[in-house]
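Let's take a walk through this one together. We'll start where the two chains touch and then turn to a small sheet.

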Number of protein chains: 2
Amino acid sequence: MEGIHEVHDLEKAAAVLGWDRQVNMPRAGGAARVQQTATLRRLAHEAFTSDDMGERIEAAAAELGSAEGESDEACLIRLLRRSHADARKLPPELVARTATVSGEAQLVWERARAEDDFSAFRPHLEQVVALARETAERYGYAAEPYDALLDKFEYGLTTAEVRALFDVLRKALMPLLAAILERGRPPDDALLRQRYDVGRQQRMARYLAEDVGFDFARGHLGAAVHPFAVSFSRDDVRITTRWQADFLSPGLFATLHEAGHGLYEQGIHPALARTPLGRGASAAIHESQSRLIENMVGRSLGFWQRHLPTLRELFPAELGSCTAERFHRAVNHVAPSTIRVEADELTYNLHIILRFDLEQALLEGQLAVADLPGVWREKMRELVGIAPSSDREGVLQDVHWSSPNFGYFPTYALGNLQAAQLWEAAMEQDAAIGGELAAGRPAALVAWLREQVHQHGRKFTPDELIRRATGKALGHEPFLRYVTARFQEVYGL
Amino acid sequence: MEGIHEVHDLEKAAAVLGWDRQVNMPRAGGAARVQQTATLRRLAHEAFTSDDMGERIEAAAAELGSAEGESDEACLIRLLRRSHADARKLPPELVARTATVSGEAQLVWERARAEDDFSAFRPHLEQVVALARETAERYGYAAEPYDALLDKFEYGLTTAEVRALFDVLRKALMPLLAAILERGRPPDDALLRQRYDVGRQQRMARYLAEDVGFDFARGHLGAAVHPFAVSFSRDDVRITTRWQADFLSPGLFATLHEAGHGLYEQGIHPALARTPLGRGASAAIHESQSRLIENMVGRSLGFWQRHLPTLRELFPAELGSCTAERFHRAVNHVAPSTIRVEADELTYNLHIILRFDLEQALLEGQLAVADLPGVWREKMRELVGIAPSSDREGVLQDVHWSSPNFGYFPTYALGNLQAAQLWEAAMEQDAAIGGELAAGRPAALVAWLREQVHQHGRKFTPDELIRRATGKALGHEPFLRYVTARFQEVYGL
């Protein structure tokens, strides 16, 4: 199906432009880049939604005979039918407008955040909310508008299902957090907050990324203000991180996180290349892979028993007397923060729940953009116990609302749940994996993930993938077991 | 004319992919990148050559009334008519095939050069030569096939005209070179060949690029094996350079060279943005701007009288006792080399003449690709007085023949001639410019170039531009005056 290669190439080209924008582009280049990206997105959309494409998909389906089963071809036909039908619901004009509004909103957001000026961003956010509503209406939904958007990130999942999961999370995490803060023995993370030479941080981060299996012959590590991962092909996967000279954690853990995303893309079966199957199954499944590497692997005691000597060699003055136990406790420090990307594993999900609630309220018109900063502060205090002193540390902190991708935020917390469920299943299915992880060696886990998750790309829906790999639907229990055990141990509860 | 924006955006996206390929891409990503680029090039070509585009151009012409004169609109119509007619001569299939063959040839060339293995590259070069022939036949020509290709880089120039200019050059440069080598007092360039910390080289190069006027708020300096410049818009101009820890010249002078290209792109009038006029007038005119900055400015005594103190501060151990006079002589060292990009100003043109001759012979079928390495060695000895000991230092040294862009090489030497003619004209027209340059300050010259060259983008043909700026057609005299004066002085002849 030659047509899908063209769409694929256009989308990958847009991805290259997006990566470059965040890693290399001088600020002034933004206006032209918005136009270039909008053109590529529009052309990809036009090509994919053409009648001709619909006919090709049906011709391929007829040739195959049945679109049932797990063959690459059958999975491709199913995905193409679904996404073609979805895409045709959006007129090209709306797609181009979304790209333009989002591109411009992001440029304004960057300045607004820097200057703590919500009023500058407000009209753009209003446009974004209107676009999200328009998009939801175009897609259509059974129960509530948010379903239409969520479905594009996590196919088959409803808002009601997410709400139920998040209600359990909220009810379990808030008391756990309270217990930790009231009765826990807090680790000392001052050792992470010394001067750390960035060049040496880079060497350590690269070494860790390689250790968890990221292949630099098919990958690249760059720097970006907001770390992310993106794939231009399974043989060219870019991860980015950010370096802080006075804090060791962001560089190391953002690298591990993005390396987890990168492993996924590098592990997709080559037979799926240049088709819509050649990417991660969903946003949440993708996040599960990054969280597995960052947290289950990267914040485990075994991992630091293995790697602290290397880190100490790079930073003898800073870490000369530090033990693995002390380092492990420091990187599992729980501290309510106003900033999502700085949040610990426990409060992180509360940040997501906040955004999930606000997105629904904005979409349904129950909350006006003008009232958002105040409501944000109030809800943040309620959930995390701390309110931001500025919009820059509040509602302006995330880039996400520069585009109408409502429904994306919840995938971060869903990814945490999936990560824990996959991690438990891996150790149950192969007794050796737990031992290897305890010794700080992730290779056996990564091999299991490659087999169960990575290679399949987007062949299966998130629900199918989780059931195939773990034998059951996604639940909250494994994650709650995991965080409770980890933080009770770290905090001596 | 909305259609031309789409074509423009596709071409710029392809340029981003090309830049990224050379600056960031892991090798393994090459195959997918070739496909992505070929798709963008094909789509741009299809859009530009459509009947619809032809009708839009004629409708715009009719609206304008006359396509004569120097208004932006009239210049745009003339250029669009010409390039639309040219582009329609190439079937989309040929354009996509050219992108694919070139992309693959380049990947093979990189390995073939590293391994000094011409036989690996040979079948690809044969394909490239066949493509060049096919392309020339498609375009058509009056006198000889090479005319058809040359015309695409230097509109209106014939092979016979270039041959005549190059014959004069050859006859003048070879005896000058012989005199220098036999009777000259050679400068000592050992001081450039010490260990120079790359980080500090980078600081110096950036400082120099800013000093000649390159605007980093609208530009970016990266590293590439083969330095180049490319523009994604006048507000996002990328230059690249290469660093050698044991030789100071490449990093500094490649940066100045590429900054010269960059100044041109940054100086194009904003009104020409997102149209085919928003780029340099021709390959040779572009090269003239880089040569002006690299050589007329960057290798002048005044420039180093002004900047050597800064360089000495960065490298006190290496250059503590060096005088500007000595440094100036060192950076004007003439030494026949087998490598074009390492050649001095004098022998450089002889390298180009070699390639010009060989391209014609290949295109006309007088020279078989299999015989190329031997003929290369023979002719190199004849022209420059030195033969390469390997193909890697011979026929495999340049990336250019990975694509059928025959006719590009001569623009390097033509750029040298144009540079000298523009430089002389600037000093004749404004007496202050010479004094400023003698004091090492390029701003007045750059302002003149902006006025006479940069702002016009591609509004004028190369011949029109040179006549407007200098009052006469391109000649060899200014360049020969310039090199003779410079090297007689440096070599004490």
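Contact here means heavy atoms within 4.5 Å. By that rule, chain B and chain A each put 33 residues into their contact. This is a predicted model, where local features need pLDDT of at least 70, side-chain atom pairs count only at pLDDT 80 or more, and totals for chains, interfaces and linings use all residues. Residues are numbered from 1 along each chain as its sequence is written, chains are lettered from A and ligands numbered from 1 in the order written, and side-chain values use heavy atoms, with hydrogens and water left out.

The area buried between the chains (accessible area, 1.4 Å probe, lost on putting the two parts together and summed over both) is about 2,600 Å², and carbon and sulfur atoms give 57% of that. On the chain B side, Asn24(B), Pro26(B) and Gln36(B) lose the most area to chain A, together 18% of what that side buries.

There are charges to look at too. The rule finds 6 salt bridges across the interface of chain B and chain A, each a side-chain nitrogen of Lys or Arg within 4 Å of a carboxyl oxygen of Asp or Glu. One of them links Glu6(B) with Arg42(A), with the closest N and O atoms 3.1 Å apart.

Now for the sheet in chain A. Its 3 strands (DSSP E runs of at least two residues, paired if DSSP finds at least two bridges between them) form an open, mixed sheet in the order S1-S3-S2. S1 (219–223) and S2 (229–233) of chain A stand at the edges with a single partner strand each, so one side of each has no neighbour in the sheet.

Technical notes: Helix = DSSP H or I, 4+ residues; strand = E, 2+ residues; numbered from the N terminus.
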